[in-house]
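Thanks for making time. I will walk through one structure this morning and keep to what can be computed from the atoms.

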Amino acid sequence: METPATAPRPTPLWMDDAPAAPVQATAPVQAAAALPPSVDVLIVGAGYTGLSAARETAGAGRSTLVLDAESAGAGCSSRNGGQVAYSIKPSYEILKARHGADLALRICEEAHRAVSDLRSLATEQGLDCDWRPRGGFYGAHTARHFTAMAARAENQPRGLEQRVTVVPKSEQHREIDSDFYHGGCVYHDEASVNPRRLTLALLRRAIAAGAQLADHCPVAAIRAVRHGFEVQTARGVVAARRVLFATNGYSGPLSPWHQRRVIPIGSYQIATDRLGVDFVRSLIPQGRHISDTRRVVVYYRPSPDGERIIFGGRASLSERDPLVCVPRLRSMMTRVFPQLRSAAITHAWAGWVAYTFDTMPHLGQRDGLYYCMGYCGQGIPLATYYGKRIGQQIADLPEGRTALDGLAFPTRPYYFGAPWFLAPSVFVFRLMDSIGI
Ligand SMILES: Cc1cc2nc3c(=O)[nH]c(=O)nc-3n(C[C@H](O)[C@H](O)[C@H](O)COP(=O)(O)OP(=O)(O)OC[C@H]3O[C@@H](n4cnc5c(N)ncnc54)[C@H](O)[C@@H]3O)c2cc1C
């Protein structure tokens, strides 16, 4: 291994494997061509949510146009860590206190279904996303965290059990060549994907169902008219009977109501240079993705070819240049793996995830406009699942109903899209992590 001679490339590693979508070759709307004057359904945002929804609306016979300000998947969907896990943040107990036992159970069951549906798409229906069912390891940052996570693993709510193995510190080298953790838990049903390939596979499915995609076409304004909406885009006005916001952490001023409800938070990743398959396997012997119990999130995994470590985390709150975050991420990585102190970093990138005030995703309708967003950094299964469901709702299909229907989408006073409260919270979280509470 050598110290980096050149600066990392500010692009996701995933683009090396599956370069930018040859959209013009696959989509009927050519870059310079006019958009259709009217459609049944117009979807703003071509990530997992928008593309999954488009497949349902187009498949149900509704003319469907997906617009993205950049290229398809340019948001989080081609930038993430590729970790597929059970992804609803509040525990069953918290949901039960909020919504009662019945709805809490249905919400958690649906979160399990989101993972199993994606598994079935990948393994039974041939969705080309490089599905690797290796499971996930969660490291305990303190001995107290280990006790709590082991107790949770052994007392899972009935009907919501996951296959978990508790790994004491004495056995943790089976999972990771590091003494950083105080033991941990393996969740066997988790998997990794190549996020870019997942985007392209969902894009192909949407187009095969009849949807049209126009990229580099930002939506500037939406106006309610008698039979739907007039959507003002960079390439002219399109009349749409129904409109879906699938903009997640990239929800800007287009809809102030949504902007007041999602909290964009930067998530950052680096990839090491090729380290050799044997060396990477010595660091993460089971090839699982890894995260831990710290409040300020980190997540990492071997690259799909097994040659590199991909390491991510909340290295900054608002930095837009991913290269600025490289030293901090590198230091977060070498705290876990001192063996990587001299590893070169070849790629660095970032994206905006969407948190919500109740840490739940939300979907529904507001003033006749549909929305689906707020996956709190774990949208691979959730965006694919709820994107499908909101598409079915837009197409008036009864199977589109979800356990989240009708839940209020909360905001807070004085929040208008710029999360002024994050800096003090993250400061406190970092402090708590550093002193191990
Ligand atoms: C670094 C990083 C790591 C992550 N790791 C994981 C992980 O390991 N596991 C996991 O489950 N999740 C992870 N996530 C989160 C996951 O990627 C997202 O939850 C998911 O991709 C959201 O998909 P989406 O389609 O809703 O939004 P996005 O993919 O973000 O798509 C939104 C799109 O809306 C477009 N848009 C916005 N405004 C407009 C407009 N006015 N006009 C036209 N288009 C517009 C944007 O250009 C963008 O393409 C990670 C995210 C990041 C950034």
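Leu275 is buried, with a relative accessible area of 14%. This is a predicted model, so please hear every value as computed from that model. Leu275 sits in the loop between strand E12 and helix H9, the latter being residues 277-283. From the C-alpha of Leu275 to the C-alpha of Ala69 the separation is 36 Å, with their positions 206 residues apart along the chain.

Ala69 brings me to the other residue I picked for a distance, Ala46. Where does Ala46 lie? It is in the loop between strand E1 (38-44) and helix H3 (48-59). At 1% relative accessibility, Ala46 is counted as buried. Setting aside residues up to four places away in sequence, Ala46 touches Leu51, Val66, Leu67, Asp68, Ala72, Gly73 and Leu213. Its C-alpha is separated by 30 Å from that of Ser91, a residue 45 positions away along the chain.

Another loop residue is Ser77, placed between strand E2 (64-67) and strand E3 (83-84). Ser77 has a relative accessible area of 9%, which makes it buried, given that the cut-off is under 20%. Its contacts, leaving aside neighbours within four places in sequence, are Gly47, Tyr48, Pro195, Arg196 and Thr199.

Now back to strand E12, which covers residues 263-272. Thr272 belongs to this strand. Is Thr272 buried or exposed? With 0% relative accessibility, Thr272 counts as buried. Not counting residues up to four places away in sequence, Thr272 touches Arg308, Ile309, Met333, Ala343, Ala344, Ile345 and Thr346.

Met333 in that list is a residue of helix H10, residues 326-336. The buried residues of H10 are Val326, Leu329, Arg330, Met332, Met333, Thr334 and Val336. Which strands do they pack against? They pack against E12, along with strand E14 (298-302), strand E15 (309-313) and E16.

E16 spans residues 345-355, and the loop between it and strand E17 (362-366) holds Thr359. Thr359 is not a glycine, yet its phi is positive, at about 50 degrees. Its relative accessible area is 26%, so Thr359 is partly exposed.

Asn248 is a further residue other than glycine with a positive phi, near 40 degrees. Asn248 is located in the loop between strand E11 (236-245) and helix H8 (256-259). Its relative accessibility is 14%, so Asn248 counts as buried.

Next, the cysteines. How many disulfides does a search of the whole structure find? The count is 0. Take Cys108: the closest cysteine sulfur, in Cys376, is 14 Å from its own, which is too far for a bond. For reference, the cut-off for a disulfide is a sulfur pair within 2.5 Å. Cys372 is in no disulfide either, and the nearest cysteine sulfur, again that of Cys376, is 12 Å away. Cys108 is buried, at 2% relative accessible area. Cys372 is buried as well, with a relative accessible area of 2%.

I will finish with the whole chain. The protein contains 12 helices and 18 strands. Its radius of gyration is 21 Å, which agrees with the value near 22 Å that a compact globule of 437 residues would have. Along the principal axes, the C-alpha trace spans about 65 × 55 × 45 Å.

What share of the 437 residues is buried? Buried residues make up 55% of them. For contacts with a separation of 6 or more, residues 24 or more positions apart account for 74%. The exposed area of the protein is about 18300 Å², and carbon and sulfur atoms supply 53% of that.

On charge, the protein carries 48 positive and 38 negative charges, and the mean positions of these two sets are 4 Å apart.

That is where I will stop. Thank you.

How values were computed. Residues are numbered from 1 along each chain as its sequence is written. This is a predicted model: local features need pLDDT of at least 70, side-chain atom pairs count only at pLDDT 80 or more; totals for chains, interfaces and linings use all residues. Side-chain values use heavy atoms; hydrogens and water are left out. Helices (H or I, at least four residues) and strands (E, at least two) are DSSP runs, numbered from the N terminus. The radius of gyration is taken over C-alpha atoms; the globule rule is 2.2 Å times the number of residues to the power 0.38. Buried means under 20% relative accessible area, exposed over 50%, partly exposed in between (1.4 Å probe, protein chains only). Contact means heavy atoms within 4.5 Å. Accessible areas come from the Shrake-Rupley method with a 1.4 Å probe; for residues, only the protein chains shown count as cover. Lys and Arg count as positive and Asp and Glu as negative; His and the chain ends are not counted. The place of a charge is taken as NZ of Lys, CZ of Arg, CG of Asp or CD of Glu.
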